Amino acid sequence: LPLDSMPRDFWEILFPMPFLEELRSYAAQHDLDPFLVAALIRQESEFNPRARSRAGAVGLMQIMPATGRLLARKIGVSSFSTDKLYNPDLSLRLGTLHLRGVLDQFQNRLELTLAAYNAGEHRVEKWLTWDTFEDPATFVETIPFTETREYVQGVLRNMIIYRLLYDAGA
């Protein structure tokens, strides 16, 4: 639907922006687009801090416990436990750090980063051996997992809508 086809309240219900200050703060600390972070969270957990995936990822940013433990150690969080990933502030803190690391690993190529965040960096590395993928859309269409392909497309769509709704400069 075109944005102007429905009242703004409708769009804000579909694309909420809770935890706004924390989200912006941690995004800024890691030089991330806050609309990207919001888009990823919407796709991962729909902003439910108690979310848990079938694979065991936890919290707003759906961090795997082992990844959370490594990231927590890196930033000096003591006595880490998986339950701490349900804390929105810690999930945002660790998730944005992780997202920045994955972006750096894939030279800021957003489509590769999002696929890796969803399916794992090792899988994306393998997929990159299939072709050079100069065109981002070609890479996305080549992703062999429907869930990951739709995830990448969903986050990219969400990011555009979040920017249109919440960017005062837009």
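In this predicted model, Gln62 is buried, because its relative accessibility of 9% falls under the 20% limit. The residue sits in the loop that joins helix H3 (34-45) to H4. Its backbone also deserves a look: phi is positive, at about 50°, although Gln62 is not a glycine. A second non-glycine residue with a positive phi is Asn108, where the angle is near 65°. Asn108 likewise belongs to a loop, in this case the one between H5 and helix H6 (110-119).

Asn108 leads on to Arg100, since the two side chains make a polar contact at 2.6 Å. Arg100 is part of helix H5, which covers residues 88-105. With a relative accessible area of 14%, Arg100 is buried. How is the charge of this side chain partnered? Side chains of opposite charge can pair when their charged atoms come close. Here Asp104 forms a salt bridge with Arg100, with the closest N and O atoms 3.0 Å apart. Both residues lie in H5, four residues apart, which is about one turn of the helix. Asp104 itself is partly exposed, at a relative accessible area of 47%, whereas Arg100 is buried. The side chain of Arg100 also places a polar atom 3.3 Å from the backbone oxygen of His30. Once residues up to four places away in sequence are set aside, Arg100 touches His30, Asp31, Leu32 and Asn108.

Arg149 offers a useful counterpart. This residue lies in helix H9, which spans residues 146-166. Arg149 is buried yet has no salt bridge. Which side chain of opposite charge is nearest to Arg149, and how far away is it? It is that of Glu141, at 4.7 Å, and this distance is beyond the 4 Å cut-off, so the pair is not counted as a salt bridge. A polar atom of the Arg149 side chain does, however, lie 2.4 Å from the backbone oxygen of Ile143. Beyond its neighbours within four places in sequence, Arg149 is in contact with Val140, Glu141, Ile143 and Pro144.

Helix H9 also holds Met159, which counts as buried at 14% relative accessibility. Its surroundings bring in other parts of the chain: leaving aside neighbours within four places in sequence, Met159 is in contact with Asp33, Phe35, Leu36, Ala39 and Leu110. Met159 and Val37 are 122 residues apart in sequence, and their C-alpha atoms are 8.2 Å apart in space. Leu70 gives another example of a pair separated along the chain. Its C-alpha atom is 9.6 Å from that of Leu94, 24 residues away in sequence. Leu70 is found in helix H4 (residues 65-75) and is exposed, with a relative accessible area of 55%.

The salt bridges number five, among them the Asp104 and Arg100 pair described above. Another joins Arg8 to Glu12, with the closest N and O atoms 2.5 Å apart. These residues are four apart in helix H1 (residues 8-14) and are therefore separated by about one helical turn. Arg8 counts as partly exposed at 40% relative accessibility, and Glu12 is also partly exposed, at 27%. A further salt bridge links the side chains of Arg54 and Glu147, at 3.7 Å from N to O. Arg54 lies in the loop between H3 and H4 while Glu147 lies in helix H9, so this pair ties together parts that are 93 residues apart in sequence. Arg54 is exposed, with a relative accessible area of 82%.

Turning to the whole chain, the protein has nine helices and zero strands. Its radius of gyration is 16 Å, close to the 15 Å that the globule rule gives for 170 residues, so the protein is as compact as a globular protein of that length. Taken along the principal axes, the C-alpha atoms fill a box of roughly 50 × 40 × 30 Å. Of the 170 residues, 45% count as buried. Among contacts between residues at least 6 apart in sequence, 54% join residues at least 24 apart. The protein exposes about 9,000 Å², and carbon and sulfur atoms supply 52% of that area.

Notes. Residues are numbered from 1 along each chain as its sequence is written. This is a predicted model: local features need pLDDT of at least 70, side-chain atom pairs count only at pLDDT 80 or more; totals for chains, interfaces and linings use all residues. Side-chain values use heavy atoms; hydrogens and water are left out. Helices (H or I, at least four residues) and strands (E, at least two) are DSSP runs, numbered from the N terminus. Buried means under 20% relative accessible area, exposed over 50%, partly exposed in between (1.4 Å probe, protein chains only). Lys and Arg count as positive and Asp and Glu as negative; His and the chain ends are not counted. A polar contact is a pair of N or O atoms within 3.5 Å; within protein, one must be able to donate a hydrogen and the other to accept it, and residues adjacent in sequence count only if both atoms are side-chain atoms. Contact means heavy atoms within 4.5 Å. The radius of gyration is taken over C-alpha atoms; the globule rule is 2.2 Å times the number of residues to the power 0.38. Accessible areas come from the Shrake-Rupley method with a 1.4 Å probe; for residues, only the protein chains shown count as cover.
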